[in-house]
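Ready for some practice in reading strands and chain contacts? Grab a pencil, open the model, and work through the exercises below.

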Amino acid sequence: MNLFIIPAITLTVYLIMTAVILRQRGYKVLSRSFAFYFLALAFWQFCALMVRVYSLSEQPEMVLFWYQMTVPAIPACFILIFIIINAFRRDSSRNWLCLLGYYLIAAFIGMAFFSGDWFMQGVTLHDSGIYVPSFGPLILLTAVVVIIYLAVSLYDLWNDYNKLLEPTIRSRVHYLIICIFLIIFAIASNFIFDFQGHPVDHLFLLVQALLLNYAIYDRNILDLPLVVRMNLSFLFVSLMTVLALIIALLAFILNMHTLVSYFAVVYSAVIALLLIVVFLFLRSRFEIFFDLLFYPERARIYLAVNELIRMSAEETKIEDVFEKIGLICKKSLSVKDVFFFLKDTDGNYYIEKSSSNPIPTSASLHQENPIIKMLENEQSSILLSDALLKPQLQGLWKEELEVINTYDIKSFFPLITKSKVFGIMCLTSRITNRPYTQHFMQMAQYFAQQCAILINNTILYDEVKKAAIIDPLTGAYNRRMLEDSYTLDGYEEDLSVGMIITDVNNFKHINDQYGHQAGDLVLRELTDVMKNSVRDQDLVVRFGGDEFIVLMPGAEPYITKKVVSRIERNLEKWNKKQKYTNGEEVSLKIGTYTAAGESMDKLVYEADQKLLVANHDHKQQQLAKLLNESVRDRKTLTEQAVLALAKSTELGDPYTSGHSERVMAYALKIAEKLGLVGPQIEALRHAAILHDIGKIGIHKNVLLKEGPLNKEEWELMKLHPVMGAQILAKVKQFEDMADIVRHHHERYDGDLNASPPAYPDGLKGEDIPLLTRIITVADAFDAMISSRPYRPAISLDKVKEIFENEAGKQFDRNVTIALFSCLESEDFIEEKI
Amino acid sequence: MELTARKLLQEGRPNDIYPLYCGFLDLTVEEIMDIQKRLLKEQITMLEKSEIGQAILPGTWPRNIEDFKNKIPLTTYDDYASFLSKKNEDALPDKPHCWVRTSGRSGYNEVKWMPYTKRYWSKAAHNAFASMIIGSSKNKGEFLLEQGDKILYALAPRPYTSGEIMVYGMLHHFPFQFLPEPEEAEKMDFFERIEKGFSLSLDEGLDIFYGLASILLAVGKQFSGGSNTGKRNMLSMLKRPKALSRLLKGYIRSKKNKRELLPCDIWDPKILGMAGMDCDIFRDKVKYYWGKNPLEGYGLTEGGIAAIQTWARDGMVFFPDMNFLEFISFEEHLKLKADPTYKPDTLLLDQVQEGEVYELIISNFYGSPLVRYRVGDLIKIVALQDEKWGIKMPHMRFFSRADDLIDIAGFTRLTENIIWKAIEKSEVSYNDWVVRKETAEEKTFVHFYIDSSSVMDKELAEGLIHRKLCELDSDYAQLEQMVGLKPVKVTYLEEGVFQRYLQERIAEGADIAHLKPPRLNPSLAVMEKLQNRSG
């Protein structure tokens with residue numbers, strides 16, 4: 001009975017489908033060729049039905065006739081499948097092959113009708129009651145046609161499959177390929193004797209036809225994998241439930257005889273419960289298995305996200321997090337690579353973090369990049385191939401496109417925290433050319449959200465950890481790192497440790513002259529200079545304001561020296577391009593120390609001491625600091641401190657060494673001759689020794705210059721009496737001396753244009769305090785009889801001559817006379833110099 | 001990385017083709033300005049480093065728009081000639097992909113060479129293909145082109161821009177089929193190419209036909225039923241069944257409509273595209289012959305495919321990503337004309353006003369070399385947006401060449417376009433014509449020199465043209481009303497004089513753009529030649 005029913009059913013189905021397809025709107029060519037295809041199938045079914053009818057009525061001639069009529073249907077199916085594929089692909093280049101196909105179908109039908117013997121010459125009745133045909137010579141021709149159209153169809157589909165990115169169409173191509181194989185199986189089943197007489201080919205063809213219809217028209221309506229998965233899951237659940245019940249029942253029946261009945265019930269229930277527990281465990285395993293089978297992508301991503309959640313509970317370094325996420329991401333998302341861009345501290349650029357090892361090259365994405373703007377505004381993933389369709393992206397620059405090209409970036413996922421994008425996860429092309437489907441993008445976005453949480457937490461943890469030991473201004477380690485005995489990698493007490501101690505010469509001057517911002521930038525860049533000069537394992541520590549220590553575990557003295565040379569070289573290069581000090585060179589005082597078997601505290605102490613001893617400028621700063629502290633605290637300075645202060649202005653200058661003391665001595669002698677006594681003498685003592693205190697503020701390049709000063713330098717130098725007065729005015733003990741010091745470069749005649757000119761105020765005559773006039777003479781006298789870099793000492797006779805000439809002009813005549821009187825004493829000069 | 005329609009088709013994404021090419025029509029002016037300014041920034045960084053850029057402005061280039069407008073001088077081809085005429089590639093901001101040519105001024109820079117970088121070339125072709133999408137569709141969002149659509153090769157071959165962009169550039173974006181194939185077509189002269197193309201399109205059909213408006217019209221005329229050539233062709237068609245069937249269908253259609261055989265009876269192209277300053281004049285006739293309202297585009301060798309009409313077929317919109325656009329107001333333009341050292345203020349696309357005429361200034365994007373370049377065209381902003389089609393950017397129409405204006409007594413400035421329309425719509429028949437502004441006895445004349453096979457009374461002809469000018473230009477009409485001036489003067493030249501001039505110029509090997517005399521204000525030398533040939 002089924003011999004009739006199956007072909008009859010399939011015939012009806014084909015005719016209905018033909019009618020349905022002809023009612024489809026659009027796809028004109030496609031629908032037409034589809035309708036032809038179903039007609040061909042219907043014809044094939046009809047012939048098969050006739051074969052069966054006449055086989056039963058034992059009319060071999062009619063069986064042969066309908067067999068012969070069946071033959072054209074086979075090549076027709078392949079040709080029409082090819083035409084459908086061609087119409088589906090909208091490729092006009094193979095139209096000629098379609099046309100030829102129609103001609104061939106017509107020719108085969110004609111030949112079958114008029115010369116059927118060319119295809120099938122006769123039928124013989126087999127023992128099983130089936131009529132078996134014997135083939136004619138032209139059957140080979142149909143085989144050739146079938147092979148050609150089959151090959152071209154598969155070739156075209158395969159080519160398309162490799163180029164297509166649109167997932168729906170790609171999936172359709174997938175089904176079309178399956179359909180072709182189903183027809184091949186259907187035809188092959190006719191040549192397997194065991195299947196002859198059974199409607200296997202019809203069933204194959206029916207499935208194939210339904211699948212073809214599904215592939216072309218209804219792909220979006222029905223999710224086949226979902227249906228299969230649901231059914232399998234349901235089947236599994238049902239089987240397991242039934243199994244559990246049967247086992248429980250068996251256990252109950254078997255135990256009924258040996259155990260007391262209520263105990264048998266409990267015992268069976270326990271077995272059932274155990275089975276259910278096992279079943280629940282197995283069920284979740286099977287569900288994962290089914291998911292991996294039918295939705296491998298989604299299942300892998302869920303597993304990956306679980307892995308990320310697990311990682312977030314661990315304490316991990318950010319570098320390790322990137323590495324691990326990268327590996328998980330590549331595996332679960334099936335991408336060739338993944339890159340992470342994090343927003344930089346200045347907010348303008350994203351810097352690269354990559355899963356690749358090694359990182360290809362550094363890259364950045366500017367925040368003005370339209371893709372980045374879009375990503376920040378919309379805060380959702382961007383698929384490049386979709387984004388490039390947007391006209392807003394027409395403003396992309398060549399170099400921006402090159403970054404995307406170089407890294408083969410195909411999609412962008414924002415890493416968001418507190419509603420702000422702090423980074424981007426970029427995925428490259430997928431392995432084996434898998435497409436970026438909408439579903440995949442959703443899953444990857446979910447994955448990116450988990451990555452964002454993990455990365456953000458790790459960064460925050462890292463920042464908190466670093467903040468404790470990192471100096472925020474320079475990024476170098478801070479003193480706490482040493483004090484808290486943070487681990488110095490590779491440091492062991494019996495190993496030698498190289499130590500480089502540096503401080504910036506005259507850093508206060510940089511701050512005062514160019515502002516604190518410039519000072520901060522200088523410190524920050526000097527840190528970079530040092531970091532770039534040391535070895536990987538060395539640590540750069542900001543020890544104090546402008547003091548740095550480089551700790552070098554295991555470094556012998558020669559290594560320390562090498563690093564020092566590197567620092568000096570890099571500093572020189574940096575000085576050439578830095579713009580913070582208006583061309584003025586920034587220099588470092590560098591000391592080195594090597595120790596072994598000493599504690600970290602001892603090392604630091606030794607280094608500090610060495611620095612203090614070695615660095616004259618440091619002393620100078622200490623003295624300035626002392627003065628400042630005194631000024632701040634209004635403390636009284638001791639005599640010794642005053643002397644130390646005065647000496648500080650002469651540090652580093654052999655030519656002026658002892659000048660203040662000498663001026664004080666000459667001034668006191670002159671005052672004696674002038675008859676001064678008591679408090680005036682005391683005041684003169686202090687004022688004379690401190691008269692050049694203002695030179696603390698003058699850069700040493702000016703103070704120690706070998707040669708005449710230029711105009712700007714001279715203007716700077718002329719500031720020292722004013723600066724000195726300002727310093728002294730702030731110290732209660734010395735405030736009366738401020739005026740004395742301020743005017744020690746005035747001229748008695750007040751001439752501002754004379755050589756040397758009067759400065760700073762142009763006072764003259766008695767307006768200039770007497771003590772000042774005395775210091776002026778003593779100061780000039782000592783300067784004349786001392787050597788200078790640009791001239792030798794002037795002879796005493798010549799000095800007298802100058803003073804005679806300048807009396808009443810540069811100098812007070814009375815004070816000059818007192819000086820001459822002093823000079824009569826032979827020990828006046830020798831005893832004091 | 002570059003997305004093309006060809007690639008999208010391969011990837012099975014035909015629905016993405018429209019947004020890729022025509023998505024810009026949904027941009028707001030602000031978004032367009034963002035794109036313009038961003039691409040200009042990139043262009044400045046490239047120009048700044050190039051020899052050509054340093055020749056225009058030595059040193060560091062400004063980064064903001066105001067400084068750019070103030071510091072970079074307006075340029076003409078002469079500013080680039082020393083680099084471009086020698087094809088000095090080292091001096092360019094970026095490596096050129098190809099060199100295209102156009103015609104310069106007669107006697108000076110007759111051939112203007114222009115380098116296109118790969119991105120500029122592809123963007124020009126991208127925009128050309130966008131025009132095809134708009135031209136073939138009736139509604140926003142439609143994409144009706146198909147692979148293998150047939151295009152008639154009726155363009156100047158490369159290295160002319162039309163051949164480079166509208167043929168090779170177009171093929172880069174979409175698998176069209178040109179009739180004849182480009183390699184074959186380029187071995188033929190222009191007329192051979194058109195003839196062969198039409199012959200092939202009789203067999204294979206014609207989906208797209210674009211070219212200069214005058215070509216569309218000439219071809220239409222040639223195919224009209226009455227020509228002997230047509231009849232001869234019909235006989236030879238017997239060997240070609242497809243062509244014959246097409247002709248027969250056309251013949252029946254024409255008979256059904258009781259008129260001569262027209263191209264629209266034979267073909268129904270998806271796109272009819274035209275360019276050139278005479279579009280407005282020939283639009284109606286082209287429509288009559290081809291049965292379709294042609295799509296107008298605005299392209300130039302120095303600026304790629306710059307603007308296109310949309311579905312309303314009224315005014316063109318600029319492509320935002322081809323060139324940086326600046327506009328000199330007409331008043332400023334006149335000041336600049338009077339004093340070439342004058343520094344006119346320029347406006348940007350978001351600052352133009354409806355109804356105003358502007359001189360167009362462009363700066364190429366994507367590393368092509370021209371910056372603040374005076375194209376030499378005046379355009380008129382006809383609308384600031386098109387509400388019906390939801391296009392929120394200014395629409396423009398070609399107004400005139402900047403040099404081609406005849407100023408009459410300060411009352412009106414006649415453009416070539418207006419004059420052409422006037423003579424076309426008057427009943428004065430002509431084969432060809434030129435017009436000159438002349439002064440005699442303290443009177444200004446608009447002097448028409450006409451070559452015609454049917455000469456009419458001169459006074460009658462003057463009256464007819466004058467009336468049409470009054471109809472077309474209200475300012476001109478006031479001339480008569482207020483000062484009683486009727487400045488039209490007509491002189492008939494000997495018949496065929498323009499044809500003879502053309503042949504002589506071909507024999508001299510003149511450039512294609514200089515074969516015919518300029519229609520407006522031809523030089524005295526040209527006039528002498530024409531009048532001598534009139535005998």
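**Exercise 1. Work out how strand β7(B) is paired and how well it is covered.**

Step 1: start with β6 (residues 271–275) of chain B, which runs parallel to β7(B) and is joined to it by two bridges. Here a strand is a DSSP run of E with at least two residues, a helix is a run of H or I with at least four, and both are numbered from the N terminus. Two strands pair if DSSP finds at least two bridges between them. Find Met274(B): it sits opposite Glu296(B) of β7(B).

A quick word on what you're looking at: this is a predicted model, where local features need pLDDT of at least 70 and side-chain atom pairs count only at pLDDT 80 or more, while totals for chains, interfaces and linings use all residues. Residues are numbered from 1 along each chain as its sequence is written, and chains are lettered from A and ligands numbered from 1 in the order in which they are written.

Step 2: now look at β8 (residues 304–309) of chain B, which pairs with β7(B) in the antiparallel sense over four bridges. One pair to spot is Gly297(B) with Ile308(B) in β8(B). Three residues lie between β7(B) and β8(B), and the two strands form a hairpin.

Step 3: check the cover. Six of the six residues of β7 (295–300) in chain B are buried, meaning that 20 or more other C-beta atoms, placed from the backbone, lie within 10 Å of a residue's own (exposed is 12 or fewer, partly exposed is in between). One face has Leu295(B), Gly297(B) and Gly299(B), the other Glu296(B), Tyr298(B) and Leu300(B), and both are covered.

**Exercise 2. Find the edge strands of the sheet that contains β18(B).**

Step 1: write down the order, β17-β18-β19 in chain B, an open sheet of three strands with mixed pairing.

Step 2: look for strands with a single partner. Those are β17 (432–440) and β19 (488–493) of chain B, so each has one side without a neighbour in the sheet.

Step 3: zoom in on β17(B) and β18 (residues 443–451) of chain B, an antiparallel pair with nine bridges. Trp433(B) has Ile450(B) in β18(B) as its bridge partner.

**Exercise 3. Describe the side of chain B that touches chain A.**

Step 1: count. 24 residues of chain B are in contact with 21 residues of chain A, where contact means C-beta atoms, placed from the backbone, within 7 Å.

Step 2: name the elements. α2 (17–22) and α3 (29–48) of chain B each give two or more residues, and α3(B) gives the most, with six.

Notes
Two residues are in contact if their C-beta atoms, placed from the backbone, lie within 7 Å.
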